[in-house]
Amino acid sequence: MPDITEPCTPRLPLGAMISIISRTQFVLINERLRPFGLSAGQFPVLITLVVRQNIMQDTLARHLHIDKGAVARSVAKLVGAGYVRRITDPGNRRAVRLFLTKKGEAIAPEILRIDREWEELACSRLSPADREKFSLLAESVALTCRDTLEKMEAD
């Protein structure tokens with residue numbers, strides 16, 4: 001006899017599950033960044049700069065696989081809020097390098113904590129072994145998707 005307590009809905013497609021994960025991350029990170037005058041839209045740029053400074057804006061866009069214009073807008077907001085500074089590359093006047101300001105460095109530990117807490121929440125139903133496996137599988141899927149995009153852009 002079937003278990004009638006289980007919902008009779010089919011499993012969501014992978015894209016829908018990824019969308020739910022992404023949307024939830026966006027909402028929660030947006031809430032956590034509000035006290036800093038920031039939004040989740042700036043989070044990928046900010047967390048990348050927390051981990052690696054002195055990166056060119058174009059390189060950052062490629063690294064994040066985000067449109068150059070979107071990265072430029074995020075950087076402009078972070079500069080305007082006093083968290084990031086741009087320095088023109090002396091070897092290439094068209095290239096802009098990005099650095100955290102003292103204000104940006106001051107919130108870096110909080111930014112890392114927000115990221116860790118989000119991951120902890122999202123993976124809270126997984127065992128440590130399943131978390132590791134999920135991370136490896138998600139990385140593999142992301143790399144395949146990235147390679148597909150790069151191939152499409154090259155064609």
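In which helix is the place of Glu-132? The exercises below concern a predicted model, and the opening question is settled in the first of them.

**Exercise 1. Locate Glu-132, classify its exposure, and state its separation from Ile-87.**

Solution.
1. Glu-132 has its place in helix H6.
2. The relative accessibility of Glu-132 is 48%. Partly exposed covers the range between under 20%, which is buried, and over 50%, which is exposed, so Glu-132 counts as partly exposed.
3. Along the chain, Glu-132 and Ile-87 are 45 residues apart, and their C-alpha atoms are separated by 38 Å.

**Exercise 2. Determine whether Leu-49 and Leu-78 are buried or exposed, and give one C-alpha separation for each.**

Solution.
1. Leu-49 belongs to helix H2, and Leu-78 belongs to helix H4.
2. Leu-49 has a relative accessibility of 0% and therefore counts as buried.
3. Leu-78 likewise has 0% relative accessibility, so this residue is also buried.
4. From Leu-49 to Ala-108 the C-alpha distance is 9.0 Å, although their positions lie 59 residues apart in sequence numbering as a separation.
5. Leu-78 and Thr-101 are 23 residues apart along the chain, with C-alpha atoms separated by 9.9 Å.

**Exercise 3. Identify the loops that hold Asn-54, His-65 and Asp-67, and describe these residues.**

Solution.
1. Asn-54 is in the loop that runs between helix H2 (43-51) and strand E1 (55-56).
2. His-65 is in the loop between helix H3 (57-64) and helix H4 (68-80), and Asp-67 is in the loop between H3 and H4.
3. Most residues other than glycine have a negative phi. Asn-54, which is not a glycine, has a positive phi of about 60 degrees. The phi of His-65 is also positive, near 55 degrees.
4. With a relative accessible area of 36%, Asn-54 is partly exposed. His-65, at 39% relative accessibility, counts as partly exposed.
5. Asp-67 has a relative accessibility of 52%; the cut-off for exposed is over 50%, so Asp-67 counts as exposed.
6. Asp-67 and Gly-37 are 30 residues apart along the chain, and 23 Å separates their C-alpha atoms.

**Exercise 4. Describe how H2 and H3 pack, using their angle, axis distance and handedness.**

Solution.
1. Two packed helices are described by the angle between their axes and the distance between the axes.
2. For H2 and H3 the angle is about 110 degrees, and the axes are 11 Å apart.
3. Angles of 65 to 115 degrees count as roughly perpendicular, and H2 and H3 are therefore roughly perpendicular to each other.
4. The crossing in which H2 passes H3 is right-handed.

**Exercise 5. Characterise the largest pocket by its volume, its lining and the elements that supply the lining.**

Solution.
1. The space in the largest pocket amounts to about 2,200 Å³.
2. Its lining consists of 42 residues, and those nearest the centre are Ile-21, Gln-25, Trp-118, Ala-138 and Ala-142.
3. Two or more lining residues come from each of helix H1 (14-33), H2, H3, helix H5 (102-122) and helix H6 (128-154).
4. H6 gives the largest share of this lining, eleven residues.
5. Sorted by class, the lining has 26 nonpolar, eight polar and eight charged residues.

**Exercise 6. Bring together what has been established about H2 and H6.**

Solution.
1. H2 contains the buried residue Leu-49, packs with H3 at an angle of about 110 degrees, and contributes to the lining of the largest pocket.
2. H6 holds Glu-132, and eleven residues of H6 line the largest pocket.

Methods. Residues numbered from 1 in each chain as written. Predicted model: local features only at pLDDT ≥ 70, side-chain atom pairs only at ≥ 80, totals over all residues. Heavy atoms only, no water. Helix = DSSP H or I, 4+ residues; strand = E, 2+ residues; numbered from the N terminus. Buried < 20%, exposed > 50% of the residue type's maximum accessible area, 1.4 Å probe, protein only. 1 Å grid on protein atoms, 1.4 Å probe; cavity = no way out; pocket = protein on both sides within 12 Å on 5 of 7 lines; lining within 4 Å. Points joined across faces, edges and corners; volume = space filled by probe spheres on them. Nonpolar A, V, L, I, M, F, W, Y, C, P; charged D, E, K, R; others polar. Axes fitted to C-alpha atoms, helices over the stretch in contact; angles between N-to-C directions. Parallel < 35°, antiparallel > 145°, perpendicular 65-115°, else oblique. Left-handed = near helix turned anticlockwise from the far one by under 90°.
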